[in-house]
Amino acid sequence: MEGLIRQAVVPLLQQQARGFASRAAGFWCDSWFSHVPEAPRDPILGVTEKFLADTNPQKINLGVGAYRDDSGQPVVLKSVREAERRVAGSHFMEYLPIAGHRQFCEDSVKLAYGEDSPVLKNKQVAMLQSLSGTGSCRLSAEFQGHWLPGSTIYIPTPTWANHLNIWRDAHVAIEQYPYYKPETRGLDFERMCDFLSKAPAGSAVLLHACAHNPTGVDPTTEQWRELSKLLKAKTLLPILDCAYQGFASGDCDRDAQAIRIFAEDGHRMMLCQSFAKNMGLYGQRVGCWSIVCEDEKEAKAVESQMKALARPMYSNPPLFGALLVHNILADKALKQQWLGEVKEMAERIISMRTLLRQNLEALGSPLSWNHITDQIGMFCYTGLAPEQVDKLTAEHSIYLTRNGRISMAGVNTNNVARLAEAIHKWGLKAFCIACAKFQEGDTLGEALAVAATAPYFAIYHAAVLLHARRELHMALVMLGLLLTSALCTVIKKALKQPRPAATCALLGNCHKHGMPSSHSAVMAFAATTALLLYLHRRGSGSNRSRGGRNGSGSGSAGAKDTAAARTAQRGTAAAAAVERLAQALPLLEVVLLLLLTAAVAYGRVHLGYHSPAQVAAGLALGSSLAAAWWRLTLTACERWGPALLRLPLLRALHFRDSLGCLDVHAAEADLLKAGPAAKRSD
Ligand code: KET
């Protein structure tokens, strides 16, 4: 009776209670699902969706990494067709065991670790047939979350976009390590090792076993060896995602070098294999997930837990694809034929790389396209910005992911010229002085992006003033602004503090350093100098005895007196108001400059270019430099100004020093009124 209550009644009550709870939470109003928002399109498979909806007969799909022949058609390999023929009608359609087709798994791990691999001979490897590469990755993530709780996964930047979704959904903490250096379009090996060497022991590191997606940039053999040593020394667990074995070099053994180096070095590791690309079995979802353990006993226990993870997810994997792979790998002749076909696919891709580069160069593109042929595997990481990709799609019906990745498998002799022309047209980079990126629809962000041009205008403004007014002091202010900017560059290089990790990939500045913010420093310098100049002139105004030191001459009468005299002459209240406004203008200018500085500083954080600390450091540096520079230049002007102004060049250019003059404009106006003789004597 008690058992019956526990088994039947309790779950029923629990279900009812959950129903009430969710209704009380407001989910059930008009509809059960009215609160469910539409999810954003997948960045890769969403491209295919858009491509299919396009009616342009000349459309080109370079989005998903799926092989096409030279006429743009999907390919079924001859070896696969032969395996299909052999399998047809020869099997029941029974369930496979939870771990899938055992012989398939054994063939599969041999292909990766090597026929004579000691880890296989010692039965150290736990294995399970998975739902292709994605399924393997997902199971690895679940296993990590379950059996290495609290550990972090280190994922390269950039990577296959789905890696981030997979480990996020498995609730594993994610860190991203630097991998690619846009300036060299190559591997950022030094920063990668430096970053990984600081990862806490017990973390996992995701590595693309070969043909890195999306960059097409792999470590060299030596670098793989170094990485293996580093991970071993730091007690980090390698998880190798091997979705393109054979596609990097055309040779499946060569492309397995990373896996074999790690296994040889005695790592405990996970491996995620996919047969989607190298056998063209995309829709069959056939892959293998394996874990290298300490010994046979450990492998047995681990394999039982791998099965325990798979059973509640999908029970057991599909049969057909596994039979095809097993038939190919277990038959010497068929395997040989397949290896030849993989090589053919890889070679066609390599020839398309050469052709695309040649076409771009023939069009006279001023940019370097060496990276198209330097990169390997299925993809070319072009360096096209998202806006340029949008143009290729909108204007030419050329579909690719917005990170500028091209699936080279979609390029063929018929479409390569059209592709090159489109890239040449839109691929040129714009020269811009102050490009600040902001999110579409973010009005504040847009305003702050406009404000981000201010530091450039501050320097430009100082240059124009210097040219027009020939002030000794202005030359020094200009020099101070340039020195501030240069000093920020030096400090950034010395401190090497990165830009904010959350936004740098989007802004494309992960390779640049951010401490301190030079925008903030230059603005703080300009605003502080303007404030000090204003206070200095006010100070001089209250201390009339100082008057103008030189230059405008009649400035010594005092601006306020001059203004009052003029007001009395005109004798109207309106004129007095205008005068008051004119007198308030210098203060207003300072206040506006301070507000602009605040907007620029806030914008650096809002737009994701700098962290608050980097902006604060910039502001502190700029304002303290300005204060020090002010004291220095004031003393310099007082002590050496007259001597400097007597230098022939400065005299010929009519340089002057009007720092002590209260109102230069008023003084000049008075001077002009005084007549031609006085004008010349200036
Ligand atoms: N790992 C990597 C690195 C990878 O590029 C893919 C697929 C997979 C795993 C998963 O492949 P599967 O089909 O589950 O065996 N990448 C291509 C397809 C996709 O996004 O699903 C791509 O990047 O276009």
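**Exercise 1. In which helix is the place of L531?**

Solution. The model is a predicted one, in which local features need pLDDT of at least 70, side-chain atom pairs count only at pLDDT 80 or more, and totals for chains, interfaces and linings use all residues. Residues are numbered from 1 along each chain as its sequence is written, and side-chain values use heavy atoms, with hydrogens and water left out.

Step 1. L531 has its place in helix α21 (residues 518-542); helices are DSSP runs of H or I with at least four residues, strands are runs of E with at least two, and both are numbered from the N terminus.

Step 2. With a relative accessible area of 30%, L531 is partly exposed. This class lies between buried (under 20% relative accessible area) and exposed (over 50%), with a 1.4 Å probe and protein chains only.

Step 3. L531 and L593 are 62 residues apart along the chain, and their C-alpha atoms are separated by 9.0 Å.

**Exercise 2. Identify the residues of the nonpolar surface patch and place V591.**

Solution. Step 1. The patch is formed by L585, L587, L588, V591, L592 and L595, which together have about 540 Å² of accessible area. Patch members have over 30% relative accessible area and no salt bridge; nonpolar side chains (Val, Leu, Ile, Met, Phe, Trp, Tyr) are joined within 5 Å, and like charges within 9 Å. Accessible areas come from the Shrake-Rupley method with a 1.4 Å probe, and for residues only the protein chains shown count as cover.

Step 2. V591 lies in helix α23 (residues 573-606) and is partly exposed, at a relative accessible area of 39%.

**Exercise 3. Describe the surroundings of the ligand.**

Solution. Step 1. There are 18 residues around the ligand, of which S132, T134, N213, D241 and S274 come nearest; a residue is near if one of its heavy atoms lies within 4 Å.

Step 2. The shell divides into 7 nonpolar, 7 polar and 4 charged residues. Here Ala, Val, Leu, Ile, Met, Phe, Trp, Tyr, Cys and Pro count as nonpolar, Asp, Glu, Lys and Arg as charged, and the others, Gly among them, as polar. Helix α6 (residues 132-147) gives the largest share, 3 residues.

Step 3. Oxygen atoms of the ligand lie 2.4 Å from a side-chain N or O atom of T134, 2.6 Å from a polar side-chain atom of N213, and 2.8 Å from a side-chain N or O atom of R405. On its own the ligand has 520 Å² of accessible area, and the protein covers 92% of that.

**Exercise 4. Why are R81 and E84 about one helical turn apart?**

Solution. Step 1. R81 and E84 are separated by about one helical turn because they are 3 residues apart in helix α3 (residues 78-87).

Step 2. The two form a salt bridge (a side-chain nitrogen of Lys or Arg within 4 Å of a carboxyl oxygen of Asp or Glu), with their closest N and O atoms 2.8 Å apart. Side chains of opposite charge can pair when their charged atoms come close.

Step 3. R81 is partly exposed at 45% relative accessibility, and E84 is partly exposed at 27%.

**Exercise 5. Which parts does the salt bridge of R268 and E294 tie together?**

Solution. Step 1. The closest N and O atoms of R268 and E294 are 3.0 Å apart in this salt bridge.

Step 2. R268 lies in the loop between α10 (257-264) and β9 (269-274), and E294 in the loop between β10 (286-292) and α11 (296-314), so the pair ties together parts 26 residues apart in sequence.

Step 3. The structure holds 23 salt bridges; E82, R85, R86 and D331 are linked in a network of them.

Definitions and conventions
Polar contact = N/O pair within 3.5 Å; in protein donor to acceptor, adjacent residues only side chain to side chain.
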